[in-house]
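This briefing is meant to be read alongside the sequence and the coordinates. It moves from the chain as a whole to two individual residues and their surroundings.

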Amino acid sequence: MNHPSGPRGARHAKIALDVDGEHRTLEVDTRTTLLDALREHLDVTAPKKGCDHGQCGSCTVLLDGRRATTCLTFAVAHDGARITTARGLADGDELHAMQQAFVEQDGLQCGYCTPGQICSAVGMLDEFWAQHPSNVTEDLTAPPELTDDEIRERMSGNLCRCGAYTNILAAIRQAAEA
């Protein structure tokens, strides 16, 4: 039996998102993840569906300026949000410093995790510059130092099955110094 709200009590909501600088509206089942709203409803394919459990980081975007795994949150919870994907970081044909560093340092192999890695790295550096400590920050009373251990810890939620970690680390260092 179909109910007015849809099969088995499904509810729908109209939401608006600012995705990579473009205002978008859509209607979604309230159980739709932000990742599925982006990929399946808005055809935004930069965030990738990896594990669908928030463990790999392939779906990472900047959500209102902070990095977020989109597979773990519902789209309706972010009505009116500003979302920046790896594609939206560029300024026209001019790559973002992090994107450029990933290219120059060969911080990718198959490329599947790269959009999430780049968004996470941008968000991670913002957190670092704001002096948010990590689990490996030694002195909580002093500004953190951007050591390799700091970068590794802060990026630990983003996995690369190809093992490009050394080059990803080099890319983040290059972008941080830019």
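What follows covers the overall fold, the surface and charges, and then two residues in turn.

The structure is a predicted model, and its chain holds six helices and five strands. Two side chains, those of Glu 150 and Lys 49, are described in detail below, the former joined by a polar contact to Ser 134 and the latter to Asp 36.

**Overall fold and dimensions**

- Read from the N terminus, the elements follow the order β-β-α-β-β-β-α-α-α-α-α.
- The radius of gyration of the chain is 18 Å, which agrees with the value near 16 Å that a compact globule of 178 residues would have.
- Measured out along the principal axes, the C-alpha trace has a span of about 60 × 40 × 30 Å.
- Of the contacts in the chain with a separation of 6 or more, 54% are between residues that lie 24 or more positions apart.

**Burial, surface and charge**

- Buried residues account for 44% of the 178 residues in the chain.
- The accessible surface amounts to about 9900 Å², and carbon and sulfur atoms contribute 46% of that area.
- The chain carries 16 positive and 26 negative charges, and the mean positions of these two sets are separated by 9 Å.

**Glu 150, in a helix**

- Glu 150 belongs to helix H5, which comprises residues 148-154.
- Because its relative accessibility is 2%, and the limit for a buried residue is under 20%, Glu 150 counts as buried.
- The side chain of Glu 150 is joined to that of Ser 134 by a polar contact of 2.8 Å.
- When neighbours within four places in sequence are set aside, the residues in contact with Glu 150 are Ser 134, Val 136, Thr 137 and Glu 145, so that Ser 134 appears both in this list and as the polar partner of the Glu 150 side chain.

**Lys 49, in a loop**

- Lys 49 lies in the loop that connects helix H1 (34-41) with strand E3 (60-63).
- With a relative accessibility of 32%, a value between the 20% and 50% limits, Lys 49 is classed as partly exposed.
- Apart from neighbours within four places in sequence, Lys 49 has contacts with Leu 35, Asp 36, Arg 39 and Tyr 112.
- Among these residues, Asp 36 also makes a polar contact of 2.8 Å, side chain to side chain, with Lys 49.
- Although Lys 49 and Cys 113 are 64 residues apart in sequence, their C-alpha atoms are 9.4 Å apart in space.

Technical notes: Residues are numbered from 1 along each chain as its sequence is written. This is a predicted model: local features need pLDDT of at least 70, side-chain atom pairs count only at pLDDT 80 or more; totals for chains, interfaces and linings use all residues. Side-chain values use heavy atoms; hydrogens and water are left out. Helices (H or I, at least four residues) and strands (E, at least two) are DSSP runs, numbered from the N terminus. The radius of gyration is taken over C-alpha atoms; the globule rule is 2.2 Å times the number of residues to the power 0.38. Buried means under 20% relative accessible area, exposed over 50%, partly exposed in between (1.4 Å probe, protein chains only). Contact means heavy atoms within 4.5 Å. Accessible areas come from the Shrake-Rupley method with a 1.4 Å probe; for residues, only the protein chains shown count as cover. Lys and Arg count as positive and Asp and Glu as negative; His and the chain ends are not counted. The place of a charge is taken as NZ of Lys, CZ of Arg, CG of Asp or CD of Glu. A polar contact is a pair of N or O atoms within 3.5 Å; within protein, one must be able to donate a hydrogen and the other to accept it, and residues adjacent in sequence count only if both atoms are side-chain atoms.
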